[in-house]
Amino acid sequence: MLRSTLAQQGTPVYSVAWGPDSEKVLYTAGKQLIIKPLQPNAKVLQWKAHDGIILKVDWNSVNDLILSAGEDCKYKVWDSYSRPLYNSQPHEHPITSVAWAPDGELFAVGSFHTLRLCDKTGWSYALEKPNTGSIFNIAWSIDGTQIAGACGNGHVVFAHVVEQHWEWKNFQVTLTKRRAMQVRNVLNDAVDLLEFRDRVIKASLNYAHLVVSTSLQCYVFSTKNWNTPIIFDLKEGTVSLILQAERHFLLVDGSSIYLYSYEGRFISSPKFPGMRTDILNAQTVSLSNDTIAIRDKADEKIIFLFEASTGKPLGDGKFLSHKNEILEIALDQKGLTNDRKIAFIDKNRDLCITSVKRFGKEEQIIKLGTMVHTLAWNDTCNILCGLQDTRFIVWYYPNTVYVDRDILPKTLYEGDASEFSKNPHIVSFVGNQVTIRRADGSLVHINISPYPAILHEYVSSSKWEDAVRLCRFVKEQTMWACLAAMAVANRDMTTAEIAYAAIGEIDKVQYINSIKSLPSKESKMAHILLFSGNIQEAEIVLLQAGLVYQAIQININLYNWERALELAVKYKTHVDTVLAYRQKFLETFGKQETNKRYLHYAEGLQIDWEKIKAKIEMEITKEREQSSSSQSSKSMGLKP
């Protein structure tokens, strides 16, 4: 039965492809490509793609990229908004076929006596010259390891993907045959051969472990011992993605997500409504020691967060929601679960960071940078790197945005990235080495300073004196700025004072000094929170400790007049103090009171500054007495 006629035109449709969500269709019209949504009255996207007739198209559901091939002897890669991402050199003959691998990492190109294997960014891995005539169609096996080509001479050509490379520190692993790998240690040139019963489908080398999935089993090798792998059977077989963290690894197959320990023990299997595992890739799934993050495909503004140990939603079960579509996500790898952060790049190419733990209150999403194309967290400490327009940037302590946003620019390293050409991609960030893949497929290695990583290590073990000594030895502003933010985050105000003095932030040194002279522990805590911009939390700390006047005073100091009066009325105290400060404030600017609430409470009230000052003195004395009594009761072994 004919359901509907999508399009009618005067030129033949040589090729057609479904969109990733099956709601759009891509087809050819001479030299033009057309994306037609199935909904009536929806906007049709059309653009001139080639200088010759377009013979073949393909659209991948995982990476949302489009391939086109034409009689102008070129193949091209486009995004779904018709922006060109790659344009090949002209070949000798028309390109007759193109096809994406299922996982969207590779694609194959067929022409006359020509078969080419390319990376998703367009550069070529391999070129074969089989005696086949033109290859008119290419199909990939579901596991992405083999292709079949329909040839002009009546034959079918079969090919297998081999010679894949994986690198980690001093180890290099190569898939030499379909069922064999070679491991080379570049330090001593030792070579190990690994043989498998079935053909290798996916592999990953990281955190001192090599994880290999074959068509039926999963092998886990330790870099310390290549002879005795841990082997377990797979539930479905075709693994499309392997992700590793320090303690465990994640396998994604056609139906589920599985988390295993490096001993081969099954840990958990997270699930969420409408989950489609066939379209997950390394950009939309992230793994750390305690958290799994997955970007939703149905609504790309949402990230689901799961506890790694149980597979249940994290915290109160709320997902993370952003105002724009999210393209790439990455969890930091070190530190405590409560401090876990997730960085992501959205559709506008803004790099944002937010906390993973979500209990009740909405966590703030803070923008770290704009025009960021690719990002990676370090594997040993929470340092983030990214490529921003024509700059290579390292955020030595991204948490600074939660502590003191003013000094964030001082905690960065910036370098020129113009040598990486267009559309580079960060492959890994291991130790103090960042590996970047350029658009032509070549790898570039950048070494960053080793000192910030040492500083992170000292701070995580609370070795503050060693951290200060290190900064004095290195004599770099970025190190002092990082230490200042780390010290405030860990409530070590003595170290913070030294670090802020070293970067010339004298106003902050004076404020820290004033915090030290405060009588009670709660007041100090509240003012440290104020220092980091957490006004509501500071107020809660003071109110819980019964320091109502101090809570009112911080709102007066910040000119939050509404809130100051609200607290005074609620707790029936210091209403006259608030009104007096408000009157003084208005007199300074020569203004009249217009706020109805203030006019209502000021009716018939005479302001006596002597009386108010006496009340304030009493509050401060009371706080001192409370603080000293709680300390003395502690020293006697009593509970205050």
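**A chat about a WD repeat, a sheet and a threonine**

Student: How much of residues 47–79 is helix and how much is strand?

Tutor: In this predicted model, the chain over residues 47–79 is 0% helix and 58% strand, and the C-alpha atoms at the two ends of that stretch lie 12 Å apart.

Student: What feature does UniProt place there, at residues 47–79?

Tutor: The UniProt record, which is an unreviewed entry, places the feature "repeat: WD" at residues 47–79.

Student: Changing topic, in what order do strands S16, S17, S18 and S19 sit in their sheet?

Tutor: The four strands form an open sheet in the order S16-S17-S18-S19, with antiparallel pairing. Strand S16 (165–168) and strand S19 (190–195) are the edge strands, each of them pairing on one side only, and from one strand to the next the twist averages 20°.

Student: And how many bridges join S18 to S19?

Tutor: Strand S18, covering residues 180–185, is joined to S19 by six bridges, and the two strands run antiparallel. To take one residue, glutamine 182 has leucine 193 in S19 as its bridge partner.

Student: What about threonine 28, where is that one?

Tutor: Threonine 28 is found in strand S2, which spans residues 24–29.

Student: Is threonine 28 buried or exposed, and why?

Tutor: Threonine 28 counts as buried because its relative accessibility is 0%, and buried means under 20%.

Student: So which residues does threonine 28 touch?

Tutor: Leaving aside residues up to four places away in sequence, threonine 28 touches Gln9, Pro12, Val13, Tyr14, Ser15, Leu33, Ile54 and Val57.

Definitions and conventions:
Residues numbered from 1 in each chain as written. Predicted model: local features only at pLDDT ≥ 70, side-chain atom pairs only at ≥ 80, totals over all residues. Heavy atoms only, no water. Pairing = 2+ DSSP bridges. Axes fitted to C-alpha atoms, helices over the stretch in contact; angles between N-to-C directions. UniProt positions renumbered as here; feature names shortened; annotations may be inferred. Buried < 20%, exposed > 50% of the residue type's maximum accessible area, 1.4 Å probe, protein only. Contact = heavy atoms within 4.5 Å.
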